[in-house]
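This report describes the fold, the two sheets, one helix and the ligand surroundings of a protein model. The account begins with the terms on which the strand descriptions rest.

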Amino acid sequence: MLIKHFSILQISLLTLLNVNAITATTADTTISKTKVKMSDENKKFKILVTHPEVPQEGIDLLTRDCEVIICQNVPTVRAEILEKSKGVDALLWGGHDALNAEALDAAGPQLKAISTMSAGIDYVDVAEVKRRKIPLGHTPIVLNNAVADTAVGLLLAAARRFHEGRLKIETDKWEGGHLNWMLGQDVRDSVVGFFGFGGIAQTIAKRLSGFDIDSVLYTTRRRVSEDIEKEYNAKKVDFDTMLSQSDFVIIASPLTKETAGIFNATAFGKMKKTAVLVNIARGGVVNQQDLYEALKTNQIFAAGLDVMTPEPLPANDPLLSLPNLVLLPHLGSATQRTRADMAVIAAHNVLRGLAGEPMLSPAY
Ligand SMILES: *[C@@H]1O[C@H](CO)[C@@H](O)[C@H](O)[C@H]1NC(C)=O
């Protein structure tokens, strides 16, 4: 099983990690043999895994040559993480707890490597980790397929009114006899706009090309390669053009100071009335109050969200009263294989950091 995972990971890393392809090759040949050197006193390195549900595939790699401590609480309890991180050489940061100066101080100056088990690292004070010169890894790429599947599911469900349809049945309002009842939006021949056009967005575009879409517009800081543009019939445009010309708008950007709340009333006002919004990135990119208003007043047609603010969303949140909103509880990468792959990458990141080698997927 583990060997199978390795070969799959190797292939996906080699094909997808353009810049890191060479690193990945080296990594995959050395990792199986990587003997993490002992620290000065000939003691094993100590690694804290901050979440008890980090898949065994990752833990097994760590325990080969290191001493592994695993936090016990689900959900995680910060006090436990801080206490158990004291004196460790590395952290496998399994949840989305704030990884900041407080956490780094709690571990101590001997800390040599950290990896998260996520693609987005908005909960990490990257500048602080960098300032302390601690290598930091994360786990992008391996979750692209799973998140892209979720995005396509949300897009179809919102465009074709799956949630509203279910409500009709539940409330005995299934109206037979009409020809114009519960009509939705076509994906075929549509223009799909992406806010952010990295690995996840491109994986979504790849899937949607099978649905015979017309073209892709994307808004990013940097243009992607001409090859990628050709492959997805994609064109870089400014934010307002993307909003006004897209039938589907998919948020696939990191949450940063620049992107926080950028999808607000002004943005929704520029979108087509028939447009469908999908967010599989971070809830904070959307001004949720404004989205509520836009959906309630049918300023846009529908939305599908895998991420929101806060998470978990309380059951009495007004968003849940909207028939034209499909909500998922942040299930983007939640498949067994993807989680195992993420743990394996995170473990490799940590081990390579301890060995003084470049991480498989460095975060900075
Ligand atoms: C929405 O965000 C834009 C850009 O950040 C800003 O210029 C605009 O004033 C905002 N609109 C509202 C209604 O807050």
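Two strands are said to pair if DSSP finds at least two bridges between them. Helices (H or I, at least four residues) and strands (E, at least two) are DSSP runs, numbered from the N terminus. The model is a predicted one, in which local features need pLDDT of at least 70 and side-chain atom pairs count only at pLDDT 80 or more, while totals for chains, interfaces and linings use all residues. Residue numbers start from 1 along each chain as its sequence is written.

**Overall composition**

The protein contains 14 helices and 12 strands. Of its 364 residues, 43% are buried; a residue is buried if 20 or more other C-beta atoms lie within 10 Å of its own, exposed if 12 or fewer, and partly exposed in between, with C-beta atoms placed from the backbone. Two residues are in contact if their C-beta atoms, placed from the backbone, lie within 7 Å. Among contacts between residues at least 6 apart in sequence, 67% join residues at least 24 apart.

**The two sheets**

An open sheet of 7 strands follows the order E8-E7-E6-E9-E10-E11-E12, with parallel pairing. Strand E8 (234-236) and strand E12 (325-327) are at its edges and have a single partner strand each, so one side of each is left without a neighbour in the sheet. From one strand to the next, the twist averages 15°; angles run from 0 to 180 degrees between N-to-C directions, and axes are lines fitted to C-alpha atoms, for helices over the stretch in contact. Within this sheet, Phe248 has Val276 of E10 as its bridge partner.

A further open sheet has 5 strands in the order E2-E1-E3-E4-E5, and its pairing is parallel. Its edge strands, E2 (67-70) and E5 (136-137), each pair on one side only. Opposite residues of E4 stand Ala90, facing Ala113, and Leu92, facing Ser115.

The following strand pairs are described by their bridges.

| Strand | Partner | Sense and bridges |
|---|---|---|
| E9 (residues 248-251) | E10 (residues 276-279) | parallel, 4 bridges |
| E3 (residues 90-93) | E4 (residues 113-116) | parallel, 4 bridges |

In a regular strand the side chains alternate between the two faces of the sheet. Both faces of E4 are covered, with Ala113 and Ser115 buried on one side and Ile114 and Thr116 buried on the other.

**Helix H14 and Asp60**

Helix H14 (residues 336-354) lies across strand E1 (46-49), E3, E4 and E5, and runs at about 170° to E4. The expected span of a helix is 1.5 Å times one less than its number of residues. For the 19 residues of H14 this gives 27 Å, which agrees with the 27 Å between its end C-alpha atoms. Of these 19 residues, 17 are buried. Gly356 follows the helix and has a positive phi, near 75°.

Asp60 belongs to helix H3 (residues 56-65). It counts as partly exposed because it has 14 C-beta neighbours inside 10 Å. Asp60 and Ala347 are 287 residues apart in sequence, yet their C-alpha atoms are 8.9 Å apart in space.

**Ligand surroundings**

Ile262, Asn264, Ala265 and Thr266 surround the ligand, where a residue is near a molecule or strand if its C-beta atom, placed from the backbone, lies within 6 Å of it. This shell comprises 2 nonpolar, 2 polar and no charged residues. Ala, Val, Leu, Ile, Met, Phe, Trp, Tyr, Cys and Pro count as nonpolar, Asp, Glu, Lys and Arg as charged, and the others, Gly among them, as polar.
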